[in-house]
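User: I am new to this structure and would like a close look at how its side chains pack. Please begin with the aromatic rings and go on from there to the interior and the pockets.

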Amino acid sequence: MSQPRERFVHNYLGYLLGQANHALFKDFEAVVRAAGLGSLEWRVLATLSDQAPMPVGELAQEVLSQQPTVTKLLQRLSAQGWVQLTDDPQDQRRTLVAITAAGQTKVTPLMAQAREHEKQTLTGLSAADIQRLKAQLRALTHIR
């Protein structure tokens, strides 16, 4: 009887990262939805929560979405009072986006739940392994 061969996707970094992302977010997505947010809305508010006002294009890159999609979403979030859009004083062609107090109030409890969910998901890994994993992922994605 022959040994089962290793499948390409089981050793391909892109696949493994995608699977890890799915495993981490699949259960937490229910929490996000229960709070009345979609996954992109969650990523936008979480990204803005500890960030100075930033250009929409930069935000789109951070939340892994296309700028037109993020722009439409920001218009809805602005209408809800969760973000504020302003012209960039240094470049009138750009729009800056910042989270409002209402947006911060909306996302803060979710961030605490996300931290707890991450902790539960990573049970079994040592603190050093988690720190090393995150450092390696930041290096791979060029995030400081």
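Analyst:
**Aromatic rings**

Y12 has a relative accessible area of 43%, so this residue counts as partly exposed. The model is a predicted one, and what follows describes that prediction. The ring of Y12 pairs with the ring of F8: the two are stacked, with 5.0 Å from centre to centre and 25 degrees between the planes. F8 has 60% relative accessibility and therefore counts as exposed. A distance between centres and an angle between planes are what describe a pair of aromatic rings. In total the structure holds three aromatic pairs. There is also one aromatic cluster, formed by F25, F28 and W42.

**The largest nonpolar core**

W42 leads from the aromatic rings into the interior. The largest nonpolar core has 25 residues, and W42 is one of those that touch the most other members, together with V44, L45, L48, L59, L74 and L77. Two or more residues of this core come from each of the helices α2 (28–34), α3 (39–48), α4 (56–62), α5 (67–79) and α6 (101–121), and from the strand β3 (91–99). The largest share is that of α3, which gives five residues.

Which residues does L74 touch, leaving aside those up to four places away in sequence? The contacts of L74 are V44, V56, L59, V83, L85 and V97. Two of these, V44 and L59, are also listed with L74 among the core members that touch the most others.

**L37 and T47**

L37 sits in the loop between α2 and α3. Is L37 buried or exposed? Its relative accessibility is 2%, so L37 counts as buried. Beyond residues up to four places away in sequence, L37 touches V32, W42, L45, W82, K106 and L110. W42 and L45 among these contacts belong to the core members that touch the most others. L37 and L24 are 13 residues apart in sequence, and their C-alpha atoms are 17 Å apart in space.

T47 is found in helix α3. With a relative accessible area of 18%, against a limit of under 20% for buried, T47 counts as buried. Setting aside residues up to four places away in sequence, T47 touches M54, L59, E62 and V63. L59 therefore has T47 as a contact in addition to L74.

**The second largest pocket**

L74 also appears in the lining of the second largest pocket, along with P55, V56, G57, Q67, T71, Q75, L85, R93, R94 and T95. This pocket has a volume of about 170 Å³. At least two of its lining residues come from each of α4, α5 and β3, and α5 gives the most, with four residues. By class, four of the lining residues are nonpolar, five are polar and two are charged. V56 and L85, which are part of this lining, are also contacts of L74.

**The largest pocket**

The largest pocket holds about 2,000 Å³ of space. Its lining has 35 residues, and N21, L24, E118, L137 and I143 are the closest to its centre. At least two lining residues are supplied by each of α1 (13–26), α3, α6 and α7 (127–141). Which helix gives the most to this lining? With eight residues, α1 does. The lining consists of 19 nonpolar, nine polar and seven charged residues. Helices α3 and α6 thus appear in two places: they are among the elements that give two or more residues to the largest nonpolar core, and each supplies at least two residues of the lining of the largest pocket.

**Two exposed residues**

R115 lies in helix α6. Because its relative accessibility is 56%, R115 counts as exposed. R115 and H10 are 105 residues apart along the chain, with 27 Å between their C-alpha atoms.

L64 lies in the loop between α4 and α5. At 72% relative accessibility, L64 counts as exposed, whereas L37, also in a loop, counts as buried at 2%. The phi of L64 is positive, near 60 degrees, although L64 is not a glycine. Most residues other than glycine have a negative phi.

Terms used
Residues numbered from 1 in each chain as written. Predicted model: local features only at pLDDT ≥ 70, side-chain atom pairs only at ≥ 80, totals over all residues. Heavy atoms only, no water. Core = buried A, V, L, I, M, F, W, Y, C linked by side-chain atoms within 4.5 Å. Buried < 20%, exposed > 50% of the residue type's maximum accessible area, 1.4 Å probe, protein only. Contact = heavy atoms within 4.5 Å. 1 Å grid on protein atoms, 1.4 Å probe; cavity = no way out; pocket = protein on both sides within 12 Å on 5 of 7 lines; lining within 4 Å. Points joined across faces, edges and corners; volume = space filled by probe spheres on them. Nonpolar A, V, L, I, M, F, W, Y, C, P; charged D, E, K, R; others polar. Phe/Tyr/Trp six-rings, centres within 6.5 Å; stacked < 30°, edge-to-face > 60°.
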